[in-house]
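Dear colleague,

I am handing over the structure we spoke about, and it is placed directly below so that you can open it before you read on. After it come my notes on what was found, set out from the chain as a whole down to single residues.

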Amino acid sequence: SQSDVSDVATGSYLESAIALVAQYEDEDLRQVGNVKIEDVTVVQETADGKILVEACIDSSNVKILDENGKNARGKGNIDRARTIFTLTQLGGEWLIEDESFAEDLAC
């Protein structure tokens, strides 16, 4: 739900997550399985106090099921991808503000 996402996200990352939830609801899709976050490394602290974190996102156990229980997750999806998250501190909590992919996706 939106309130759950806003506990850990802000900015463009929050907007993307809300849009994805709305898309799943509109298309009667549901996610089964969980993403694993591995090899988390702080790669940079920016001048404005944000932190860039690199992690391997493993979605190999995730299925996106349609209303008939058929996996709608595309065959071209990458099961493991190195991702860069921008974290910002709001109210004493670190929240994900943005994400992008690393130049080398392999992990």
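Helices and strands here are DSSP runs, of at least four residues for a helix (H or I) and at least two for a strand (E), and they are numbered from the N terminus. With that numbering, Asp-28 falls in the loop between α2 and β1, the latter covering residues 30-32. Please keep in mind throughout that this is a predicted model.

The chain as a whole

The protein chain contains two helices and six strands, and from the N terminus on these elements follow the order α-α-β-β-β-β-β-β. Measured out along its principal axes, the C-alpha trace spans about 50 × 30 × 15 Å. Of the 107 residues in the chain, 29% are buried, while the accessible surface comes to about 7200 Å², with 47% of that area belonging to carbon and sulfur atoms. Among the contacts with a sequence separation of 6 or more, 52% are made by residues 24 or more positions apart. As for charge, the chain carries 9 positive and 22 negative side chains, and the centres of these two sets lie 11 Å apart.

Helix α2

Helix α2 covers residues 11-26, which makes 16 residues, and its first and last C-alpha atoms are 23 Å apart, close to the 22 Å expected at 1.5 Å a residue. Leu-14, Ala-17 and Tyr-24 are buried in this helix, and because the buried residues fall within an arc of 90° when seen down the axis of α2, they line one face of the helix. In general, an α-helix has 3.6 residues a turn, so residues three or four places apart point the same way. On the face of α2 turned away from the buried side, the exposed residues Glu-15 and Asp-26 are found.

Two further residues of α2 may be of use to you as reference points. Ser-16 lies in this helix and is partly exposed, with a relative accessible area of 48%; its C-alpha atom is separated by 9.2 Å from that of Asp-98, although the two are 82 residues apart along the chain. Gln-23, also found in α2, is partly exposed at a relative accessible area of 35%, and its C-alpha atom is 20 Å from that of Asp-7, with their positions 16 residues apart along the chain.

Backbone angles to check

Asp-28, which follows α2, has a positive phi of about 55° although it is not a glycine, and this residue is partly exposed, with a relative accessible area of 47%. A positive phi also occurs at Asp-39, where the value is near 50° in a residue other than glycine; Asp-39, however, lies in strand β2, residues 36-45.

Strand β6

Is Phe-101 buried or exposed? Phe-101 lies in strand β6, residues 93-101, and at 59% relative accessibility it counts as exposed, because the cut-off for that class is over 50%. Leaving aside residues up to four places away in sequence, Phe-101 nevertheless touches Ala-81, Arg-82, Thr-83 and Ile-84. Thr-88, which is 13 residues from Phe-101 in sequence, is 18 Å from it in space, C-alpha to C-alpha.

With best regards

How values were computed. Residues numbered from 1 in each chain as written. Predicted model: local features only at pLDDT ≥ 70, side-chain atom pairs only at ≥ 80, totals over all residues. Heavy atoms only, no water. Buried < 20%, exposed > 50% of the residue type's maximum accessible area, 1.4 Å probe, protein only. Contact = heavy atoms within 4.5 Å. Areas by Shrake-Rupley, 256 points an atom, 1.4 Å probe, with all protein chains shown as cover. Lys, Arg positive; Asp, Glu negative; His and termini not counted. Charge placed at Lys NZ, Arg CZ, Asp CG, Glu CD. Expected span 1.5 Å × (residues − 1). Arc of directions from axis to C-beta.
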